[in-house]
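Trainee: Could you take me closely through one part of this chain, and then place that part within the rest of the fold? I would like one connected account rather than a list.

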Amino acid sequence: MHFDDRLGTVLRLRADGPALKRIQFRQLLDLLGTMPAEAHGEQVDGAYTRLTELATTIPADERAALVGDQGLRLRSPRLVAALAASESPVAQRALERAELDENQWLDLIPALPMAARGHVGARRDLDPRIAAKLARLGVHSRALPPAAVAATDAAVARPQELPSQPAPDRPADGEGIGAIVRRIEAYRRAKQTVDHLPIGDSPRLPLGEEHVLHLSGVLRAFDFATDAAARIVWSDPGVAPMVTGLSLSGLAAPGLGEALKRRQPLRAVALELEGAPTLAGTWQVDAAPWFDPLTGRHLGWRGRMRRPASATAGPPPLVPVQDSQADRIRQALHELRTPVNAIQGFAEIIQQQLFGTTPHEYRALAAAIAGDAARMLAAFEELERLAKLDGGAIALEEGTTNLTNVVEATVTQLAAHTRQRGSGFALKSEGEALTVPLAQIEVERIVWRLLATLAGVSAPGEVLKLRLRQRHGAVRVDAALPATLVARSEPELFQASAGAIPQVVSAGVFGVGFALRLVAAEAKAAGGALLHKGTRLRLILPSLTASGSDHSEGSAEAG
């Protein structure tokens, strides 16, 4: 049996950065837009509340672009009404993209704001009843009247007592259109003209852009943007004619080519430009790569070029940043997540028949593909967590947790899988609360990964001893190793080899060695350690009940 829990999954995700907020906003639009009109409940209300919160942090033009996406389906009157109450660009895109039937439009239009009703009236696919409803509410078509009608109305409205003027020869229709086009092109060329260049006979309207177009005799700095090939596609209007089309990759500068190849930031890179006297000479460039917030695709660089303080003393050569192994792993995982997410999304669309009826055989295959994609994403999360912990990029969340309760709950949970095999854990503790300075979710992850890994490879009838105690300001969890792991040395025990040992309960995709390495990294990040003690493993975590000196002794013993 399958059920649709996509809305709950989206609401449980954390949207900390701007890109994640836009992604979550787009996901909520898609889910709420395809939801039946009668759908209601606490989860749906929470989704609309989250949508409102995200709208306060995303600019209106970006929200309008998300709402205007061709892949979005707005079939929910409630969502259309909520978007229509937003800023004018968002409301206009929502009412243009709405896919409502006639009765839904008739019910929705009276509840729309006055400005939003005009956007509905601009649609050309409305039924006569909807147009009549808008007319009764005072909304009429905003299209311009035909040229002939406008000319006739102007002639009627002209006062008769004015002296008549000789009418010029009226050109033919084709010549009239051509003259209009020529005037538009002349104005466009005039608007793009820089002050110091000859403007000829093209008039310029006083639009207040002199401070932008004026180029002083001494150019000190200008901003620019490039495409993915490092070719300048935008710059300040005063200097744009001289630098647009310039390729940074074709310039000679120490380390510039390597930095562009690696898509790294450019910091004080010295280069020589040729061209007009105001541009030619030595420059320093500072730029940062920018990426598509939704797809992660590299779009180019944005930065500034400036004259160096001293023409003789140039900046130091650019030294490419050497990525660590953890950074390379995180970059690779970021590249892998995009196709896997796409595969999972399309598989769910097929399995849930969102675009039409699908044979059951294909739905079964799609469900299997979606499950495999979910396992791959879980594996990516484990790899990224280990890379971040090894590189010190993240720290475990602090808090106060009773380790004894967590261990007892985990043993009870695993007993549901191990009881029928006669295996499990024989827990022995000192009967007191052992408190550690970590959040409960962090402690549960560490304990579950350790105990589930050991229970998964234990033989039928094999009961592992498990002991909790406090020594020297630290909490110890001693767990006996199963017979299949006792003969292994420490390097072999922590070696990742997926599928090497059959597991009844799996705590990870990459096998026993990787799971234990991840436990060791988590324990180290918490200020403890995971030690191999012959026939057992010892998990050491700091305790909150000891003094500072005891912590030092515990840390020394753990080391």
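**Helix H8 and its surroundings**

Mentor: In this predicted model, the buried residues of H8 pack against four other helices, namely helix H5 (77-84), helix H6 (88-97), helix H7 (102-108) and H9. H8 is mostly covered, with six of its eight residues buried, and those six are Ala116, Arg117, Gly118, His119, Val120 and Gly121. Since buried stands for under 20% relative accessible area, the list is worth reading with the side chains in view, for it holds Arg117 and His119 as well as Ala116 and Val120.

Following the chain onward from H8, one comes to Asp127, which sits in the loop between helix H8 (114-121) and helix H9 (128-136). Asp127 counts as partly exposed because its relative accessibility is 33%, a value that lies between the cut-offs of 20% for buried and 50% for exposed. Asp127 and Asp101 are separated by 26 residues in sequence, yet their C-alpha atoms are 9.5 Å apart in space.

To place this region within the whole, it helps to step back to the chain. The chain is built from 22 helices and 12 strands, and 37% of its 559 residues count as buried. Among the contacts in the chain with a separation of 6 or more, 63% are between residues 24 or more positions apart. The accessible surface of the chain is about 31700 Å², and carbon and sulfur atoms account for 56% of that surface.

The interior can be followed through its nonpolar cores. The largest nonpolar core has 43 residues, of which Leu403, Phe425, Leu450, Leu451, Leu454, Leu466 and Leu539 touch the most other members. At least two residues of this core come from each of helix H16 (360-391), helix H17 (403-418), helix H18 (440-456), strand S9 (463-471), strand S10 (474-480), helix H21 (511-525) and strand S12 (536-542). H18 makes the largest contribution to this core, with eight residues. Leu450 gives a view from within this core: apart from its neighbours within four places in sequence, Leu450 is in contact with Leu516, Val519, Leu530, Leu537 and Leu539. A second, separate core has 40 residues, among them Met35, Val44, Ala116 and Leu134, and Ala116 is one of the buried residues of H8, which ties the helix we began with to this second core.

From the cores we can turn to a pocket. The second largest pocket has a volume of about 280 Å³, and, of the 11 residues that line the second largest pocket, Arg262, Arg263, Phe291, Gln331 and Glu335 are the closest to its centre. Helix H15 (residues 325-351) provides the largest share of this lining, three residues. By class, the lining of the second largest pocket consists of one nonpolar, five polar and five charged residues.

Arg263 deserves a pause, for its phi is positive, at about 60°, although Arg263 is not a glycine. Arg263 is placed in the loop between helix H14 (256-262) and strand S3 (266-273), and Arg263 counts as partly exposed because its relative accessibility is 44%. A second residue with a positive phi is Gln353, at about 55°, and Gln353 is not a glycine either. Gln353 is in the loop between H15 and H16, and its relative accessibility of 29% is the reason Gln353 counts as partly exposed.

H15 also includes Ala332, which is partly exposed because its relative accessible area is 37%. Ala332 and Phe380 are 48 residues apart in sequence, while the distance between their C-alpha atoms is 9.8 Å.

Finally, the start of the chain can be joined to this picture through Arg6, which lies in helix H1 (residues 6-12). Arg6 has a relative accessible area of 21% and is therefore partly exposed, given that buried requires under 20%. Leaving aside its neighbours within four places in sequence, Arg6 is in contact with Leu31, Glu348, Gln352 and Leu354. Arg6 and Leu28 stand 22 residues apart in sequence and 9.6 Å apart in space, C-alpha to C-alpha.

Methods: Residues are numbered from 1 along each chain as its sequence is written. This is a predicted model: local features need pLDDT of at least 70, side-chain atom pairs count only at pLDDT 80 or more; totals for chains, interfaces and linings use all residues. Side-chain values use heavy atoms; hydrogens and water are left out. Buried means under 20% relative accessible area, exposed over 50%, partly exposed in between (1.4 Å probe, protein chains only). Contact means heavy atoms within 4.5 Å. Accessible areas come from the Shrake-Rupley method with a 1.4 Å probe; for residues, only the protein chains shown count as cover. A nonpolar core is a set of buried Ala, Val, Leu, Ile, Met, Phe, Trp, Tyr and Cys residues joined through side-chain atoms within 4.5 Å. On a 1 Å grid over the protein atoms alone, a cavity is a set of points where a 1.4 Å probe fits but cannot get out, and a pocket is an open set with protein on both sides within 12 Å along at least five of seven lines; lining residues have an atom within 4 Å of a point. Grid points are joined across faces, edges and corners, and a volume is the space filled by probe spheres set on the points. Ala, Val, Leu, Ile, Met, Phe, Trp, Tyr, Cys and Pro count as nonpolar, Asp, Glu, Lys and Arg as charged, and the others, Gly among them, as polar.
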